[in-house]
Amino acid sequence: MKQDQQFEIFLVATPGLEGPLCAEARACGFKAKTVPGGVEMKGGWPDVWRANLELRGAGKVYARIDSFHVKNLGQLERRAKTVPWRQVLRKAMPFRVEATCKSSKVYHSGAAEERIAQAITEQVDVVPDENADVCIKVRIENNICTVAVDTSGELLHKRGHKQAVAKAPMRETMASLFLRQCGFDGTQTVLDPMCGSGTFVIEAAETASALMPGRARRFAFEKLKGFDDVAWRAMREAHVASKPAVRFYGSDIDAGAIRMSRENAERAGVADITSFQEMDVADITPPEGAAPGIVIINPPYGDRIGNRANLKLLYRTMGDALLKRFSGWRVGLVTNEEQLAQATGLPFSLTAEPVLHGGMRIVLYRTGPLP
């Protein structure tokens, strides 16, 4: 495909976060709409590159290169031979095919993968490799076959700087969209009193500094035909970081978590605008001199970490500290049980759509400015 050719681009979203991801894509200038499981938009290859580079909330970016009706494997094989593989795949570049079949007459995903791979090798001098970075994604649903290229490679929450993680880490993509739902736009102070490995704090600091999430990693699209390294380098270098007017704070009772957070912030290039300290949540206070901002917390919750019997006490302690000392601040709390959110005593007035995380449904509970 030529750089100026338009096609459908699909952004993979964490289930339940399609809306916030769509809002982010639109804020970045993409003409996007929500669909089940993600966000759709039209664009060309430079848009694919920019989506991978700039979007903080997308899990993957797929370039859809063809779609057709199919009722059996023979028809799939014949139609697959007409897909413009030569415009997408480089000669001698290994590839793999991943297929899913749902509510269709073609129901065997393994057989579908074999037919697609055979069609590709007949058109392009390439060899299938189950470990290849270049992946062709095939979805056959209601007898419609959609063919796409995974342009991201590794999941996009892997920014390239977070080497140390705490227990039950929250993915950066999810954290960024929760921050967006809390109204964060880069101008508010953010504090996370149970920061773990620092994900919320570092995401907030990067956003405020205009540091692109994809700046420190490689992408699968760099191995596709037609990739322009000069144009890609110019796109990355066009982004200039800025120094925000606010700072970002994390604390945790675990000394190891604070060490991890500081190391991750250093690798991310935001150590100078972040502060981490070892502290019990009962002792938290607003940062000295900071205007009221956002407190965002991903505490232990049921079926994840901690003794269930102690959870309500922990939440009540956390809520008491916030109500006593954080007047004017807004709070975002992630948990999987409404009873735990209620145990804080915080005046939650906004409840976001449930989100799938680690096999559980979690919810972001939000307050207005605390009294």
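# A walk through the fold, starting at helix α5

In helix α5, the buried residues are Glu172, Thr173, Met174, Ala175, Ser176, Leu177, Phe178, Leu179 and Gln181. That makes 9 of the 10 residues in α5 (residues 172–181), so this helix is largely enclosed by the rest of the structure. Keep in mind as you look around that this is a predicted model. Just past the helix, have a look at Gly183: this glycine follows α5 and has a positive phi, near 90°.

So what does α5 pack against? One neighbour is helix α1. When two helices pack, you describe them by the angle between their axes and the distance between those axes. Here, α1 (residues 18–27) and α5 meet at an angle of about 85°, and their axes are 10 Å apart. Angles from 65 to 115 degrees count as roughly perpendicular, so α1 is roughly perpendicular to α5. On the α1 side, the contact is made by Pro20, Leu21, Ala23, Glu24 and Ala27, while α5 brings in Leu177, Arg180 and Gln181. Sort the residues of this contact by class and you get 5 nonpolar, 1 polar and 2 charged.

Now let's turn to the strands. Strands of a sheet pair through backbone hydrogen bonds, and they can do that either parallel or antiparallel. In this model, 7 strands form an open sheet with mixed pairing, in the order β2-β3-β1-β4-β7-β6-β5. At the edges sit β2 (32–35) and β5 (95–102), each of which pairs on one side only. Going from one strand to the next, the twist averages 30°.

Zoom in on two members of that sheet, β4 (residues 60–69) and β7. They pair in the antiparallel sense, over 7 bridges. If you find Arg64, you'll see it standing opposite Ala148 in β7. Strand β7 covers residues 144–150, and Thr146 is part of it. Is Thr146 buried, exposed or partly exposed? Its relative accessibility is 22%, so Thr146 counts as partly exposed. Setting aside neighbours within four places in sequence, Thr146 is in contact with Arg64, Asp66, Ser67, Lys137, Val138 and Arg139. Over towards the β5 edge, helix α4 (residues 109–123) lies across β5 and β6 (134–141), and α4 runs at about 140° to β5.

Next, go back to the start of the chain. Gln6 sits in the segment before β1 (7–12). This residue is exposed, because its relative accessible area is 51% and the cut-off for exposed is over 50%. Which residues does Gln6 touch, leaving aside those within four places in sequence? They are Lys42, Gly43 and Gly44. Take Gly44: it is 38 residues away from Gln6 in sequence, yet their C-alpha atoms are 4.7 Å apart in space.

For a contrast, look at Glu206 in helix α6 (residues 199–208). Its relative accessible area is 0%, so Glu206 is buried. Not counting residues up to four places away in sequence, Glu206 touches Arg56, His161, Leu211, Pro213, Arg215, Ala268 and Val270.

One of those partners, Ala268, takes us to the last stop, since helix α8 spans residues 255–268. Together, β9, α8 and β10 make a right-handed β-α-β unit. The two strands of this unit, β9 (residues 248–252) and β10 (residues 274–278), run parallel and are joined by 5 bridges. To spot one pairing yourself, find Ser251, whose bridge partner in β10 is Gln277.

Note on methods
Residues numbered from 1 in each chain as written. Predicted model: local features only at pLDDT ≥ 70, side-chain atom pairs only at ≥ 80, totals over all residues. Heavy atoms only, no water. Helix = DSSP H or I, 4+ residues; strand = E, 2+ residues; numbered from the N terminus. Buried < 20%, exposed > 50% of the residue type's maximum accessible area, 1.4 Å probe, protein only. Contact = heavy atoms within 4.5 Å. Pairing = 2+ DSSP bridges. Right-handed = clockwise from strand over helix to strand, strands pointing away. Axes fitted to C-alpha atoms, helices over the stretch in contact; angles between N-to-C directions. Parallel < 35°, antiparallel > 145°, perpendicular 65-115°, else oblique. Nonpolar A, V, L, I, M, F, W, Y, C, P; charged D, E, K, R; others polar.
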